[in-house]
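The following exercises are to be worked with the sequence and the model at hand. Each task is followed by a solution in steps.

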Amino acid sequence: MSEIVLQIDGKEVKAQEGMTIVEAAKTVGIEIPTLCHHEKLEPYGACRICTVEAESNGRKTLVAGCLYPVESGMVVQTKTEKLHSIRKVLVEQMLAHAPDAPQLVELAKEYGADKDRFDKDPSFCILCGLCVRYCAEVKQKHAIGYMDRGPRREISFIPDVAAKECWDCKECFPLCPTSALQAAYVLTEALLPEQPEEEADCSCSSGCCGG
């Protein structure tokens, strides 16, 4: 891959062609916040906290830094007043689902977000998709997936698959930015049908099983 030069927050950055803005920024110590990004997974752009201003060929646009590829001569701003406002609202929306999530609480402090701005809907899930994607892309087990669409969309373990694959894995647990995936899994476990005992005591009077 060829090397290209761009500017991020006033710094000259030499990046490899094909890198995303988030990846290029990290090479010079600039951290762009994100809740749905993971180095082992394909870029997804769900949380949009990584939104930045990118100017190329005289045109300035708002883009998801974890998705958007760098371009030669591009000028990127990651900390403008406009971006601060955008991230503030996004954090406030996510706090309605997980008001006590440590990562969201930290972002709320940074951007001055009000956790009570939006009505509470305590699903404890911000639909970042990390668990779904990790299970599919890295583990290739597909034990967890999306259910429904739109505002009713949620994440759920697939009982038949989870019962076989998840007991000795749980690698997706620490990826969850709301720290609530464990609770979802316990709930799924509770909903699984009870397994029949290998040997059941027979109390019948017919003597069919030697009882």
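**Exercise 1. Confidence**

Task: Determine in which helix confidence is lowest and in which strand it is highest.

Solution: Confidence is expressed as pLDDT, the predictor's value for each residue from 0 to 100. It is lowest in helix 6 (residues 181-191), with a mean of 65, and highest in strand 5, at 98. Helices (H or I, at least four residues) and strands (E, at least two) are DSSP runs, numbered from the N terminus. For the protein, the mean pLDDT is 87, and 86% of the residues reach 70 or more. Over residues 199-211, pLDDT stays under 50, and the model has five contacts beyond four places in sequence for that stretch; contact means heavy atoms within 4.5 Å. Where pLDDT is low, the predicted coordinates should not be read in detail.

The model is predicted: local features need pLDDT of at least 70, side-chain atom pairs count only at pLDDT 80 or more, and totals for chains, interfaces and linings use all residues. Residues are numbered from 1 along each chain as its sequence is written, and side-chain values use heavy atoms, with hydrogens and water left out.

**Exercise 2. Overall architecture**

Task: State how many helices and strands the protein has, and give their order.

Solution: There are six helices and seven strands. Read from the N terminus, the order is β-β-α-β-β-β-α-α-α-β-β-α-α. Of the contacts between residues at least 6 apart in sequence, 50% join residues at least 24 apart. Buried residues (under 20% relative accessible area; exposed is over 50%, partly exposed in between; 1.4 Å probe, protein chains only) make up 36% of the 211 residues.

**Exercise 3. Helix 2**

Task: Compare the expected span of helix 2 with the distance between its end C-alpha atoms, and identify what covers its buried residues.

Solution: The expected span is 1.5 Å times one less than the number of residues. For the 15 residues of helix 2 (residues 81-95), this gives 21 Å, and the end C-alpha atoms are 21 Å apart, so the two values agree. Next, the buried residues of this helix are Leu83, Arg87, Leu90, Val91, Glu92, Met94 and Leu95. Their cover includes strand 3 (51-56), strand 4 (59-64), strand 5 (75-77) and helix 3 (102-111).

**Exercise 4. The loop after helix 2**

Task: Is Pro99 buried or exposed, and which residues does it touch?

Solution: Pro99 lies in the loop between helix 2 and helix 3. Its relative accessible area is 17%, so Pro99 counts as buried. Leaving aside residues up to four places away in sequence, Pro99 touches Val105, Lys115 and Lys120. The C-alpha atoms of Pro99 and Asp116 are 8.6 Å apart, with 17 residues of separation along the chain.

**Exercise 5. Positive phi angles**

Task: Describe the setting of Arg48 and Gln140, each with a positive phi although neither is a glycine.

Solution: Arg48, with phi of about 65°, is in the loop between helix 1 (21-26) and strand 3. Arg48 is partly exposed, at 38% relative accessible area. Gln140 takes a phi of about 55° just after helix 4, in the loop between helix 4 (130-139) and strand 6 (144-147). At 61% relative accessibility, Gln140 is exposed. Within helix 4 itself, Leu130, Cys131, Val132, Arg133, Tyr134 and Cys135 are buried.

**Exercise 6. A charge over a ring**

Task: Which ring does the charged end of Arg153 sit over?

Solution: The criterion requires NZ of Lys or CZ of Arg within 6 Å of the ring centre and within 35 degrees of the ring normal. The charged end of Arg153 sits over the ring of Tyr146, 3.7 Å from the centre of that ring.
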